[in-house]
Amino acid sequence: MTSIAGLPDFLLYLGTAALLTGLYLLIYTLATAHNELALIRRDVTAASVSLGGSLGGFTLPLAVAIYNARSVLDCLVWGLVALVVQVAVYWLVRLVLPDLSRRIEEDRMAAAILLGAASLAGGVLNAASMTY
């Protein structure tokens, strides 16, 4: 059946993306000064908004990396670049708002929306730059 001939490659790239996304969430949540998952479990909306924006900002360039990849190794390398960019975006926003984590812990949406928007913007620029 030729209709599912690409299934092994699909599963390989999907598994790679899932692994990279899990790694991203682990590293990003360790890099931030607040515990997103604990805050989300307590219904702190600001934590969900900021983490959601960051996750979108990571997965967009990851999708572009998968689309353009010449190999799984290529995809892994560019996925790791996307991870580094997102952590850098968080630290840049912290330069502007040194009390960013406290604001998110207090469920203050302005800080969360800024971080989420900056994360998405970083992801869009990162994805657009992947023109290899």
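**Entry 1. H1 against H3**

I began with the contact between H1 and H3, in which Tyr-13, Ala-17, Leu-20, Thr-21, Tyr-24, Leu-25, Tyr-28 and Thr-29 of H1 meet Leu-51, Ser-54, Leu-55, Phe-58, Thr-59, Leu-62 and Ile-66 of H3. By class, I recorded 11 nonpolar residues, 4 polar and no charged in this contact. I note that the model is predicted. For the geometry, I found that the axes of H1 and H3 come within 11 Å and cross at roughly 145°. I entered the crossing of H1 and H3 as right-handed.

**Entry 2. H1 by itself**

I then looked up H1, which covers residues 7-31 and has 25 residues. From its first C-alpha to its last, H1 reaches 35 Å, close to the 36 Å expected at 1.5 Å a residue. Which residues of H1 are buried? I listed Tyr-13, Thr-16, Ala-17, Leu-20, Thr-21, Tyr-24 and Tyr-28. An α-helix has 3.6 residues a turn, so residues three or four places apart point the same way. I next asked which helices the buried residues of H1 pack against. The partners are H2 (36-41), H3, H4 and H6 (109-129).

**Entry 3. H3 against H4**

I turned to H3 (residues 45-68) and H4 (residues 72-96), whose axes come within 9 Å and cross at roughly 155°. The angle is over 145°, so I entered H3 as roughly antiparallel to H4. H3 passes H4 in a right-handed crossing. On the H3 side, I found Ser-54, Gly-57, Phe-58, Pro-61, Leu-62, Ala-65, Ile-66 and Asn-68 in the contact. On the H4 side, these residues meet Asp-74, Cys-75, Trp-78, Gly-79, Ala-82, Leu-83 and Gln-86. The contact of H3 with H4 divides into 9 nonpolar, 5 polar and 1 charged residues. I also noted that Ser-54, Phe-58, Leu-62 and Ile-66 of H3 appear in the contact with H1 and in the contact with H4.

**Entry 4. The chain as a whole**

Finally, I looked up totals for the chain. How many helices and strands does the chain have? I counted 6 helices and 0 strands, and along the sequence the pattern reads α-α-α-α-α-α. The C-alpha trace spans about 55 × 30 × 20 Å along its principal axes. Of the 132 residues in the chain, 36% are buried. For contacts between residues at least 6 apart in sequence, I recorded that 77% join residues at least 24 apart.

Notes. Residues are numbered from 1 along each chain as its sequence is written. This is a predicted model: local features need pLDDT of at least 70, side-chain atom pairs count only at pLDDT 80 or more; totals for chains, interfaces and linings use all residues. Side-chain values use heavy atoms; hydrogens and water are left out. Axes are lines fitted to C-alpha atoms, for helices over the stretch in contact, and angles run from 0 to 180 degrees between N-to-C directions. Helices (H or I, at least four residues) and strands (E, at least two) are DSSP runs, numbered from the N terminus. Angles under 35 degrees count as roughly parallel, over 145 as roughly antiparallel, 65 to 115 as roughly perpendicular and the rest as oblique. A crossing is left-handed if the near helix is turned anticlockwise from the far one by less than a right angle, and right-handed if clockwise. Contact means heavy atoms within 4.5 Å. Ala, Val, Leu, Ile, Met, Phe, Trp, Tyr, Cys and Pro count as nonpolar, Asp, Glu, Lys and Arg as charged, and the others, Gly among them, as polar. The expected span of a helix is 1.5 Å times one less than its number of residues. Buried means under 20% relative accessible area, exposed over 50%, partly exposed in between (1.4 Å probe, protein chains only).
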